[in-house]
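Here are my notes on the model you sent over. I've put them as numbered points so you can go through them with the viewer open.

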Amino acid sequence: MVAQVLRAESRAPQRANMESWQEYRQLRGRATGLISAEGEQWLKMRNVLKQRIMKPKDVAMFSEGVTDVIADLIKRMKYMKAQEGASETITDVNNLFFKFAMESKSLFL
């Protein structure tokens, strides 16, 4: 099912509604960047970043930090699962993955 969803996504993804976040950044004269970009704007930004982040030598510089972030995510998921009790479902995955994504991206900024 995941593969099916990924295949269905176009070259330039359309993200969830982030209008309020974009407006907040624009009102303060700050760039919104790749995180909230969509369509052709996302594709342009991604092509520029791709030149830097797709080289194995450059990616290797961040591998230890990303490994630490992933280890923290797994630890947090195990804790949340234990809190849920008998349920096999972690109910707040959006918030969990948002935090993971923000922490991971901060390694590259």
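1. Let me start with one side chain: does Leu-73 count as buried or exposed? Keep in mind that this is a predicted model. Leu-73 has a relative accessibility of 12%, and because the cut-off for buried is under 20%, Leu-73 counts as buried. You'll find Leu-73 in helix H6.

2. What does Leu-73 touch, once its neighbours within four places in sequence are left aside? The partners are Leu-96, Phe-97 and Phe-100. For Leu-96 you can also check the backbone: Leu-73 and Leu-96 are 23 residues apart in sequence, yet their C-alpha atoms are 7.9 Å apart in space.

3. Now the wider setting. The chain is made of seven helices, with zero strands, so if you read the elements from the N terminus on, you simply get α-α-α-α-α-α-α. Of its 109 residues, 14% count as buried, and Leu-73 is one that does.

4. The helix pair I'd look at is H6 with H7. H6 covers residues 63-84 and H7 covers residues 93-106. They pack at an angle of about 165°, and their axes lie 10 Å apart. Angles over 145 degrees count as roughly antiparallel, which means H6 is roughly antiparallel to H7. As for handedness, H6 passes H7 in a right-handed crossing.

5. Who makes that contact? On the H6 side it is Val-69, Ile-70, Asp-72, Leu-73, Arg-76, Met-77 and Met-80. H7 contributes Leu-96, Phe-97, Phe-100, Glu-103 and Ser-104. By residue type, the contact of H6 with H7 divides into eight nonpolar, one polar and three charged. Leu-73 from point 1 is in this set, and so are Leu-96, Phe-97 and Phe-100 from point 2.

6. Next, have a look at Phe-62. Phe-62 is in the loop between helix H5 (56-60) and H6. Leaving aside neighbours within four places in sequence, Phe-62 is in contact with Leu-107 and Phe-108. Phe-62 and Phe-108 are 46 residues apart in sequence, and 7.4 Å separates them from C-alpha to C-alpha.

7. Last, two totals for the chain. Take the contacts between residues at least 6 apart in sequence: 43% of them join residues at least 24 apart. The accessible surface comes to about 9,000 Å², and 57% of that belongs to carbon and sulfur atoms.

Note on methods. Residues numbered from 1 in each chain as written. Predicted model: local features only at pLDDT ≥ 70, side-chain atom pairs only at ≥ 80, totals over all residues. Heavy atoms only, no water. Helix = DSSP H or I, 4+ residues; strand = E, 2+ residues; numbered from the N terminus. Buried < 20%, exposed > 50% of the residue type's maximum accessible area, 1.4 Å probe, protein only. Contact = heavy atoms within 4.5 Å. Areas by Shrake-Rupley, 256 points an atom, 1.4 Å probe, with all protein chains shown as cover. Axes fitted to C-alpha atoms, helices over the stretch in contact; angles between N-to-C directions. Parallel < 35°, antiparallel > 145°, perpendicular 65-115°, else oblique. Left-handed = near helix turned anticlockwise from the far one by under 90°. Nonpolar A, V, L, I, M, F, W, Y, C, P; charged D, E, K, R; others polar.
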